[in-house]
Amino acid sequence: KITRTIGKGQMVAFVFGQINVAANQSDVQLIAADPSGNDGYAAAWDGEIVGIAYNLSAARTAGTLTIGATVNGTEDTDTTVSVPGDSATTSGYKRVPRGAAPFVAGQVIGAEITTNAGHLPTTTDLTVTVYVLQYIEGI
């Protein structure tokens, strides 16, 4: 039997990316994976960030790359993940503890990266997915 019920929360994935990840970037907002060119998605309900994942077109070989989710353009350090430059890793994730990275309706959820001068290769493309739980009870 199918019923018309709804949970108290809905998991939503917001996708961002950058082509040819350059060296020497500091807290650069990634572009949303839609045709707008915007750097985030406005939340319609209160919620929290519960995870972040990344995928690279090729493994990094040197330098540093960190990725973090943002709320209204400010990185939440509970979401930051460091991508190894080990010539092997092309994907990874971080699960964020519940309650650590909350947001309220109307705030913009985004993602940003930081690379150092030694980041290689600069031809690597990056996709980042920020997972949020939106509290939809009461609708």
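Arg 60 is a bit of a puzzle: this arginine is buried, yet no salt bridge involves it. Here buried means under 20% relative accessible area, exposed over 50%, and partly exposed in between (1.4 Å probe, protein chains only). A salt bridge needs a side-chain nitrogen of Lys or Arg within 4 Å of a carboxyl oxygen of Asp or Glu. For Arg 60, the nearest side chain of opposite charge is Asp 86, 7.2 Å away; Lys and Arg count as positive and Asp and Glu as negative, while His and the chain ends are not counted. The model is predicted, so to speak of local features takes a pLDDT of at least 70 and side-chain atom pairs count only at 80 or more, whereas totals for chains, interfaces and linings use all residues. Residues are numbered from 1 along each chain as its sequence is written, and side-chain values use heavy atoms, with hydrogens and water left out.

What does the side chain of Arg 60 have close by instead? A polar atom of this side chain lies 2.8 Å from the backbone oxygen of Gly 63, and the backbone oxygen of Pro 84 lies 3.3 Å from a polar atom of the side chain. Arg 60 itself sits in the loop between S5 and S6. Leaving aside residues up to four places away in sequence, Arg 60 touches ten residues' worth of neighbours, among them Leu 65, Val 83, Asp 86, His 119 and Pro 121; contact means heavy atoms within 4.5 Å.The structure does hold one salt bridge. It joins the side chains of Glu 48 and Arg 98, at 3.2 Å from N to O. The pair links distant parts of the chain, 50 residues apart: Glu 48 belongs to strand S5, and Arg 98 to the loop between strand S9 (91-95) and strand S10 (102-103). Strands are DSSP runs of E, at least two residues long, numbered from the N terminus. Glu 48 counts as buried at 3% relative accessibility, whereas Arg 98 is exposed at 59%.

Strand S11 is mostly covered, with six of its eight residues buried. Two strands pair if DSSP finds at least two bridges between them. S6 runs antiparallel to S11, joined by seven bridges, and Leu 65 has Thr 115 as its bridge partner in S11. Strand S2 (residues 28-29) is also antiparallel to S11, with two bridges; Gln 29 stands opposite Glu 112 there.

S11 also feeds the largest nonpolar core, supplying at least two of its residues, as does S5 (47-56). Such a core is a set of buried Ala, Val, Leu, Ile, Met, Phe, Trp, Tyr and Cys residues joined through side-chain atoms within 4.5 Å. Of its 27 residues, those touching the most other members include Phe 16, Ile 49 and Val 128.

How values were computed
Helix = DSSP H or I, 4+ residues; strand = E, 2+ residues; numbered from the N terminus. Polar contact = N/O pair within 3.5 Å; in protein donor to acceptor, adjacent residues only side chain to side chain.
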